[in-house]
Amino acid sequence: MPNHGSEQSTGGVYLLFAHEAYYPAHGQEINTSLVAAASLLHPRVRQPDGTRIHERLTHSRRPGEIVPLATLTHELDGGTLWPQVGDWAAVTADLLKLIHDRGCDALSLGLPPIARALVCSGPRSEVYDPTTEGYRVFGPADRIEVLVEIGKQLARTEAGRPLWPGDMPLPHPH
């Protein structure tokens with residue numbers, strides 16, 4: 001039986017969430033962030049909501065899996081079950097503040113409009129395409145392509161060490 005409290009059972013799962021754009025000193029727009037699932041357990045993240053979202057996020061996931069917040073919403077009956085799990089808006093706001101305060105590691109992304117729309121919606125989406133000034137239907141393969149690209153950026157970022165909530169100790173092996 002897996003030990004659900006160990007980093008081994010949940011390690012390498014990531015939460016991807018979009019947020020209001022901000023512009024750090026170097027000027028590139030940041031509109032989406034990726035954090036390690038363990039960041040949801042940080043004491044500066046609304047609890048017990050962060051813990052419940054962490055449990056939902058990491059349940060039956062593969063190591064290395066990037067899970068968009070929209071995927072959790074889909075799994076939670078289109079969002080109707082969020083109240084039973086937690087306040088995702090407050091938790092992601094806390095995560096964003098934690099990122100800004102360097103309280104956890106994150107991959108901060110400036111996704112183009114279509115890529116951002118695909119990670120903010122379900123596997124089959126009708127998205128406005130500014131290049132054609134019309135709506136286009138995108139399928140699961142399009143969304144997977146965006147997640148694969150984000151995974152490549154994550155791999156480059158984690159070449160030295162994995163993302164972690166910066167001021168929390170690493171878990172001890174059991």
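**Briefing: strand pairing, helix 2 and overall make-up**

Strand 5 (residues 125-129) and strand 6 (residues 134-138) pair in the antiparallel sense over 5 bridges, where pairing requires that DSSP finds at least two bridges between two strands. The model is predicted, so that local features need pLDDT of at least 70 and side-chain atom pairs count only at pLDDT 80 or more, whereas totals for chains, interfaces and linings use all residues. Residues are numbered from 1 along each chain as its sequence is written, and side-chain values use heavy atoms, with hydrogens and water left out.

**The hairpin**
- Strand 5 and strand 6 form a hairpin with 4 residues between them, and glutamate 133 in the turn has a positive phi of about 55 degrees.
- Valine 127 has arginine 136, in strand 6, as its bridge partner.

**Helix 2**
- Within helix 2 (residues 49-58), the residues Asp49, Gly50, Ile53, His54, Leu57 and Thr58 are buried, that is, under 20% relative accessible area with a 1.4 Å probe, protein chains only.
- These buried residues line one face of helix 2, because they fall within an arc of 145 degrees when seen down its axis, the arc being that of the directions from the helix axis to the C-beta atoms.
- Serine 60, just after helix 2, takes a positive phi of about 60 degrees.

**The whole chain**
- The protein chain holds 7 helices and 6 strands, which are DSSP runs numbered from the N terminus (helices H or I, at least four residues; strands E, at least two).
- Of its 174 residues, 44% count as buried.

Key:
Buried means under 20% relative accessible area, exposed over 50%, partly exposed in between (1.4 Å probe, protein chains only).
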